[in-house]
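Here are a few short exercises to work through with the model open beside you. Try each task before you read its solution.

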Amino acid sequence: MEIIEKPGDMHAASAKLRAGGKALGFVPTMGCLHEGHLSLVRAAREDNGAVAVSIFVNPTQFGPNEDLGRYPRDMEGDLAKCRAEGVDLVFVPSAKNMYPAGAVSFVDLGGGITGRLCGASRPGHFRGVATVVAKLFNIVSPERAYFGAKDYQQTVVIRRMAHDLDFPVEVVVLPTVREPDGLAMSSRNSYLGPAERKAAAMVYAALGEAAALYLSGERRASAVAGRFRDAVSAQPLIEVEYASVADPDDLSPLETVTGGAILAVAARAGATRLIDNIALS
Ligand code: AMP
């Protein structure tokens with residue numbers, strides 16, 4: 001396994017693999033790897049001749065009062081996990097290597113997709129995400145890149161960005177990996193105290209209740225989202241930030257579910273922000 005810090009070296013290593021006839025699968029991460037990340041690595045391994053993982057806590061996707069400084073980091077553990085999964089290349093750039101002094105170019109998708117849901121409370125977040133993923137796609141030059149459905153809005157943003165900017169990369173989205181009680185795995189779950197951790201399982205349980213209401217025939221978005229809110233209100237440690245029934249392709253809010261839809265939610269357990277979603281189909 002090669003561990004690479006400089007974008008130019010990563011570009012060269014990727015070119016060498018591809019010159020040897022290997023398709024490259026790529027998994028971008030912010031590290032502190034868990035089974036959710038590793039499910040993406042395993043899929044990349046299965047579909048491609050070689051696998052690259054990036055570990056980079058991207059400063060441009062954090063707001064000024066967010067958790068950039070205390071975001072969990074475990075480089076040694078992450079490298080051991082990558083090695084155990086047979087990863088070929090691990091890209092671990094510094095912020096200075098990714099954003100050298102003088103860098104002023106960003107990828108901005110406008111206010112539609114990126115202004116909704118998490119974008120409403122995290123201005124600039126998806127600009128940072130789109131920018132770093134575009135840069136990583138250029139640096140790593142993969143055939144396929146793997147993302148988790150847990151960050152549903154992120155997958156919509158990246159598909160749009162890759163399509164609009166003609167990246168020759170197949171974007172693959174895979175299901176959310178959950179803890180036994182249903183909580184979506186996340187590096188940020190390590191922030192949760194024991195009572196919050198227990199309460200956090202309510203987010204997925206409430207998504208299940210809302211989806212069951214939809215499956216019983218309810219098509220009004222307000223009723224489906226309302227069922228989620230009602231269920232979560234039984235758990236005082238969890239505060240809902242948003243619960244939105246949205247178009248799965250552009251995330252515009254729906255009044256009535258006619259075709260497919262996504263119920264996307266964000267909630268807080270103490271200071272920890274949890275996001276999750278469930279398909280209504
Ligand atoms: P992060 O390190 O949180 O930026 O996540 C890196 C990638 O792993 C993103 O594509 C996430 O959507 C994905 N991911 C994070 N948590 C999960 C999970 N529980 N299940 C599946 N994929 C996940």
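**Exercise 1.** In this predicted model, decide whether Cys-118 is buried or exposed, and then whether Cys-118 has a disulfide partner or none.

*Solution.* Start with accessibility: Cys-118 has 7% relative accessibility. Buried means under 20%, so Cys-118 counts as buried. Next, look for a partner: the nearest cysteine sulfur belongs to Cys-32 and is 20 Å away. A disulfide needs two cysteine sulfur atoms within 2.5 Å, and Cys-118 is in no disulfide.

**Exercise 2.** Explain why Cys-82 forms no bond with its closest cysteine.

*Solution.* Cys-82 is buried as well, at 1% relative accessibility. Its closest cysteine sulfur sits in Cys-32, 12 Å away, which is too far for a bond. Widening the search to the whole structure gives zero disulfides.

**Exercise 3.** Find which backbone atoms lie close enough to the ligand for polar contacts, using the cut-off of 3.5 Å.

*Solution.* Take the ligand nitrogens: one is 2.8 Å from a backbone N or O atom of Val-177, and a backbone N or O atom of Met-185 lies 2.9 Å from a ligand nitrogen. Then turn to oxygen: a ligand oxygen is 3.0 Å from a polar backbone atom of Gly-148. The protein buries 94% of the 480 Å² that the ligand exposes when taken alone.

**Exercise 4.** Describe the shell around the ligand by class and by element.

*Solution.* Sort the residues by class: eight are nonpolar, seven polar and two charged. Now assign elements: strand 2 (24–29), helix 2 (35–47) and strand 5 (144–148) each supply at least two residues. Helix 2 gives the most, with three.

Note on methods:
Residues are numbered from 1 along each chain as its sequence is written. This is a predicted model: local features need pLDDT of at least 70, side-chain atom pairs count only at pLDDT 80 or more; totals for chains, interfaces and linings use all residues. Side-chain values use heavy atoms; hydrogens and water are left out. A polar contact is a pair of N or O atoms within 3.5 Å; within protein, one must be able to donate a hydrogen and the other to accept it, and residues adjacent in sequence count only if both atoms are side-chain atoms. Accessible areas come from the Shrake-Rupley method with a 1.4 Å probe; for residues, only the protein chains shown count as cover. Helices (H or I, at least four residues) and strands (E, at least two) are DSSP runs, numbered from the N terminus. Ala, Val, Leu, Ile, Met, Phe, Trp, Tyr, Cys and Pro count as nonpolar, Asp, Glu, Lys and Arg as charged, and the others, Gly among them, as polar. Buried means under 20% relative accessible area, exposed over 50%, partly exposed in between (1.4 Å probe, protein chains only).
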